[in-house]
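User: Please take a close look at a single buried spot in this model, and then show me how it fits into the picture of the whole chain. I am a first-year student, so please explain each step of the reasoning as you go.

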Amino acid sequence: MNRTPLRIALLGLSILGISLLHYFTPLHLHYLHDIFQRFYYLPIILAALWFGFRGGLGCALVVSVVYAPHILFQWGEGFTLGMEKYLEIVMYNVVGATTGLLAQREQERNSELERTARGLEESNRQLTVQSERIIAVEEQLRRSEKLSTLGEMAAVLAHEIRNPLGSIRGTAEILRDDYRPGEPKHEFIEIQIKETERLNHVVEDFLRLARPQAAEMRHCSLREELETIVTLTATEARQRGIRLELLPAADELTVTGDGEKLRQAFLNIVLNALQATPAGGSVAITADRTSQGSEIRFTDTGPGIPADVRERIFEPFFTTKPDGTGLGLAVTRKIIEAHNGSLVVESVIGTGTTVVARFPDRG
Ligand SMILES: Nc1ncnc2c1ncn2[C@@H]1O[C@H](COP(=O)(O)OP(=O)(O)OP(=O)(O)O)[C@@H](O)[C@H]1O
Ligand SMILES: [Mg+2]
C-alpha cells in the first residue's frame with residue numbers, strides 16, 4: 001500500500017490548520033501565538049521522519065513561506081519581535097534539515113541491514129538445498145552399492161547353481177537312453193530333465209533382474225503405461241472390492257525411457273497398494289505436470305506404513321508379507337532412478353499411503 005499521498009495530505013492539513021489558528025487569533029493573545037508557532041515543528045519533524053532530508057527541508061520551507069506574511073504584515077511593527085520570529089523560521093529549516101538527514105541515514109542503515117539479512121537467508125537456503133542434494137546422492141550411492149553387491153551375489157549364485165544343473169541334466173540324458181520311451185523310468189527321467197530346465201530359467205530370470213541392463217529408450221506416454229496397468233490390475237481390484245481409478249489429467253506426459261520397465265515399476269506400486277488396502281477402500285492414480293516435470297501419485301486408503309517399516313521398504317528382500325519377496329520396491333526404485341526420476345513414499349498411519357514418482361523434464 002502506498003501511504004505517501006495520505007502522509008502528504010496529513011502534513012498539508014496540519015500546516016493549514018496551524019496557519020489558520022495563527023491568522024485568526026487576535027494579535028494581543030501573545031502566548032497563544034507563541035504556542036502555535038511551535039506547533040509547526042510537528043509537521044516538519046514528521047515530514048523529516050517520513051521523507052528524509054528533502055522532506056524535512058521541503059516542509060520547513062513551506063512552513064516558512066506560509067508563516068512569513070504573518071510576521072511581515074500582522075506583526076509588522078517591532079523589529080526585535082520580528083527578529084525573534086525570523087530566527088524561528090531559521091530554526092524550522094535547521095530542524096527540518098538535520099532531522100531529515102538523521103532519519104534518512106537511519107533508514108539507509110536499516111535497509112542495508114535488511115539487504116544483508118536477505119542475502120544471508122538466501123545463502124542459507126542454498127546451503128540447505130546443497131546439503132540435501134549431497135545427502136540424497138550419498139544415499140543413492142549407498143543403495144546402488146547394496147544393489148550391485150546383490151547383483152554380484154546373484155551372479156555367483158547363479159553360476160554355482162547352473163553348473164551342477166548342467167551335470168544333472170547331462171547325466172539324466174545318459175540315463176534316459178537306458179530305458180525305452182513309454183517305460184515309467186524313462187518318463188521320470190524326462191521329468192527330471194524338464195525340471196532342471198525350469199530351474200535354469202528361474203536362475204536366468206533372477207540374474208536378469210539383478211544385473212543392470214541397457215535399457216531401450218523410447219518416447220513413452222506415461223498415461224498409456226498407467227492405463228495398461230489399470231487394465232491389468234482391474235480384475236484383482238474388483239475381486240478385493242477396491243475402487244481403482246486413474247484420474248483424468250490435463251496434459252499429455254511423456255518420458256524418454258523403457259516402457260516395459262516403467263510398466264513393471266508402476267505395477268509393483270499398484271500391487272502393493274491393492275495388497276495393503278482393505279475391501280471398500282480405494283486406490284487412486286494421478287499423473288500431472290509440475291514445474292519440474294511429471295509427477296505420478298498412487299494414493300491408497302490402506303493402514304499406512306509405520307516409521308520403522310518405512311525406513312526399510314526400499315531394501316531388497318525386506319517384506320512384511322508372508323509370501324512377499326521384498327524385491328518390488330527395490331526394483332521399482334532402481335527403474336525409476338534409471339530414468340533420472342525419484343520415488344518417495346508419504347504415509348499417514350490410519351489414513352493411507354501415497355507413493356510419488358517424479359520424472360524431470362530433461363532426462
Ligand atoms: N502401499 C503400501 N501400504 C502399506 N505398506 C506398504 C505399501 N507398499 C509397500 N508397503 C510395505 O513395504 C514392504 C516392501 O514392499 P515391496 O513391494 O518391496 O515388497 P513386498 O510387496 O513385500 O513383496 P513383493 O513386492 O516382492 O511381492 C511391504 O512388505 C509392505 O510392508
Ligand atoms: Mg510388493
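Analyst: A residue is called buried when its relative accessible area is under 20%, exposed when that area is over 50%, and partly exposed in between. Please keep in mind that this is a predicted model. With that cut-off, Thr 25 counts as buried, because its relative accessible area is 11%.

Where does Thr 25 lie? Thr 25 is in the loop between helix H1, which covers residues 4–24, and helix H2, which covers residues 30–39. Once neighbours within four places in sequence are set aside, the residues in contact with Thr 25 are Leu 32, His 33 and Phe 36. Phe 36 is 11 residues away from Thr 25 in sequence, while their C-alpha atoms are 9.8 Å apart in space.

To see how this spot fits into the chain, it helps to turn to the domains. The domain assignment gives domain 1 as residues 4–121, domain 2 as residues 139–210 and domain 3 as residues 218–360. The C-alpha centres of domain 1 and domain 2 lie 99 Å apart, and the C-alpha trace of the chain spans about 150 × 40 × 40 Å along its principal axes. In secondary structure, the chain comes to nine helices and seven strands. The chain is more spread out than a compact globule, because its radius of gyration is 42 Å, well over the 21 Å that the globule rule gives for 363 residues. Buried residues make up 34% of those 363 residues, and the chain exposes about 22,600 Å², of which carbon and sulfur atoms supply 61%. Among contacts between residues at least 6 apart in sequence, 69% join residues at least 24 apart.

Other buried residues can be read in the way used for Thr 25, and two of them are in helix H5. Thr 196 has its place in this helix, which covers residues 184–210, and Thr 196 counts as buried because its relative accessibility is 9%. Leaving aside neighbours within four places in sequence, Thr 196 is in contact with Leu 165, Ile 168 and Arg 169. Arg 162 is 34 residues from Thr 196 in sequence, yet the two C-alpha atoms are 9.3 Å apart in space. His 186, which is also found in helix H5, is buried with a relative accessible area of 10%. Beyond its neighbours within four places in sequence, His 186 is in contact with Arg 176, Tyr 179, Arg 180 and Pro 181.

Further along the chain comes helix H9, residues 328–338, where the buried residues are Leu 329, Ala 330, Val 331, Thr 332, Arg 333, Ile 335 and Ile 336. In an α-helix there are 3.6 residues a turn, so residues three or four places apart point the same way. Ile 336 also gives a link to strand S7, residues 352–360, which is the place of Arg 358. Arg 358 and Ile 336 are 22 residues apart in sequence, and their C-alpha atoms are 8.3 Å apart in space. Arg 358 is partly exposed rather than buried, because its relative accessible area is 29%. Not counting residues up to four places away in sequence, Arg 358 touches Ser 294, Glu 295, Arg 297, Gly 341, Ser 342, Val 344 and Glu 346.

The loops beside H9 hold two residues with a particular backbone angle. Most residues other than glycine have a negative phi. Phe 317, although not a glycine, has a positive phi of about 75°, and its place is in the loop between helix H8, residues 307–310, and H9. On the other side, just after H9, Asn 340 takes a positive phi of about 65°, and this residue is found in the loop between H9 and strand S6, residues 342–348. Both fall into the middle class of exposure: Phe 317 counts as partly exposed at 45% relative accessibility, and Asn 340 is partly exposed with a relative accessible area of 49%.

Coming back to the spot where we began, Thr 25 is a loop residue between H1 and H2 that is nonetheless buried at 11%, with contacts to Leu 32, His 33 and Phe 36.

Methods. Residues numbered from 1 in each chain as written. Chains lettered and ligands numbered in written order. Predicted model: local features only at pLDDT ≥ 70, side-chain atom pairs only at ≥ 80, totals over all residues. Heavy atoms only, no water. Helix = DSSP H or I, 4+ residues; strand = E, 2+ residues; numbered from the N terminus. Rg over C-alpha atoms; globule rule 2.2 N^0.38 Å. Buried < 20%, exposed > 50% of the residue type's maximum accessible area, 1.4 Å probe, protein only. Contact = heavy atoms within 4.5 Å. Areas by Shrake-Rupley, 256 points an atom, 1.4 Å probe, with all protein chains shown as cover. Domains from an automatic or database assignment.
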